[in-house]
Structure formats: C-alpha cells, structure tokens
Amino acid sequence: MFQGASFVALDTKGRLSVPTRHRDVLSATASGQLTMTKHPHGCLMIFPRNEWEKFRDRIASLPMQAQWWKRIFLGNAMDVDMDATGRVLVSPELRTAAGISKDTVLLGMGSYFELWDAPTYAAQEAEQMKGEMPDVFRDFSF
C-alpha cells in the first residue's frame, strides 16, 4: 500500500525520480515496471504493472456507455520502466495533459500513485478544504 506525499521536481528530460521509500517496493513487486495514464481530476495515475493489469481489466469490461472513459484511461496509458537510479520518464503527452511542468506532488493512494502539478494540487486541496466534507464521512469517526 502506497501512502504519503512527496514533492519531486522533474528533471529537464521530464523524468520523475521515484522516492526511495517506494522504489524498493516497486522493484520487488513489479520489477520496476509501471503504467501511467490520465486521471479525470487532472492528474496522472501511476500503477505498478500488476495493479495496472487489474485496473485495465476492470475498465475494459465496462459496457459500451463507458467507451469514452475507456479511451481516456486505456488509450492514454503508457508503460514505463524505472531506470537503475529509480527514474521514470513522464511522456510529454501526459505532462501536457496534467499541466505538469517541473514541480510535482506524488501521492500514494493505496495500490497506485497520483502525480500532480504542485501548484495545481495546492490550489485544489485548498479549495476542497473550504467546503463541507462529503456525506460518506457523516458517520466516520476521526
């Protein structure tokens, strides 16, 4: 399970240096093989390959009414491999789609990561914090 936030700057070639605390797990469980795709909230999803395959199968099995969402998730998916120093290339297409230039936030979301443009994430988080919590938290105890 991946959790926590890491602030990471992409290098000039658009490579993300995977934080050390996640690198060993990704190497051991997925041989450093990852898949990136668009997220409907404006960030990127990064999956270890084995988790991507489960997600991909669930998306592929959706009915025809979900065809555009299949295109968004599956049609934009890109397989990447961590290099020897734990870096992965974020393609120009995916960087553009998520508005990512250099400074990013990598969020562990359980079985996958979200990669956000840092200023975009900060603004969206601040906006969400101003509002009410969703109803699903009504009976949740902190």
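Helices (H or I, at least four residues) and strands (E, at least two) are DSSP runs, numbered from the N terminus. By that definition, Thr37 has its place in strand β3.

The model described here is predicted, so local features need pLDDT of at least 70 and side-chain atom pairs count only at pLDDT 80 or more, while totals for chains, interfaces and linings use all residues. Residues are numbered from 1 along each chain as its sequence is written, and side-chain values use heavy atoms, with hydrogens and water left out.

**Overall form**

The chain has five helices and eight strands. Along the sequence they follow the pattern β-β-α-β-β-α-α-β-β-α-β-β-α. The radius of gyration, taken over C-alpha atoms, is 16 Å, close to the 14 Å that the globule rule (2.2 Å times the number of residues to the power 0.38) gives for 142 residues, so the chain is as compact as a globular protein of that length. Along the principal axes, the C-alpha atoms fill a box of roughly 45 × 35 × 30 Å.

**Burial and selected residues**

Accessibility is computed with a 1.4 Å probe on protein chains only: buried means under 20% relative accessible area, exposed over 50%, and partly exposed in between. Of the 142 residues of the chain, 38% count as buried. Four residues are listed below.

| Residue | Place | Relative accessible area | Class |
|---|---|---|---|
| Ser31 | loop between α1 (20-30) and β3 (33-38) | 60% | exposed |
| Thr37 | strand β3 | 0% | buried |
| Arg95 | helix α4 (residues 92-98) | 17% | buried |
| Phe140 | segment after α5 (118-130) | 48% | partly exposed |

Ser31 has a positive phi of about 50 degrees, although it is not a glycine. Most residues other than glycine have a negative phi.

Distances from C-alpha to C-alpha add to the picture for the other three. Thr37 and Trp52 are 15 residues apart in sequence and 9.7 Å apart in space. For Arg95 and Leu115, 20 residues apart along the chain, the separation is 9.7 Å. Phe140 and Asp103, 37 residues apart along the chain, are separated by 34 Å.

**Aromatic rings**

Rings of Phe, Tyr and Trp (its six-membered ring) pair if their centres lie within 6.5 Å; planes under 30 degrees apart count as stacked, over 60 as edge-to-face and the rest as tilted. The count comes to nine aromatic pairs. Ring pairs join Phe47, Trp52, Phe55, Trp69, Phe73 and Tyr112 into a cluster.

A charge sits over a ring if NZ of Lys or CZ of Arg is within 6 Å of the ring centre and within 35 degrees of the ring normal. The charged end of Arg71 sits over the ring of Trp68 in this way, 4.6 Å from its centre.

**Cavity**

A cavity is a set of points, on a 1 Å grid over the protein atoms alone, where a 1.4 Å probe fits but cannot get out; lining residues have an atom within 4 Å of a point. Grid points are joined across faces, edges and corners, and a volume is the space filled by probe spheres set on the points. One cavity of 30 Å³ or more is counted. The largest cavity has a volume of about 40 Å³. Its lining consists of Leu16, Val18, Leu26, Leu34, Ile46, Leu106 and Phe113. By class, the lining of the largest cavity has seven nonpolar residues (Ala, Val, Leu, Ile, Met, Phe, Trp, Tyr, Cys and Pro), no charged residues (Asp, Glu, Lys and Arg) and no polar residues (the others, Gly among them).

Note on methods:
1 Å grid on protein atoms, 1.4 Å probe; cavity = no way out; pocket = protein on both sides within 12 Å on 5 of 7 lines; lining within 4 Å.
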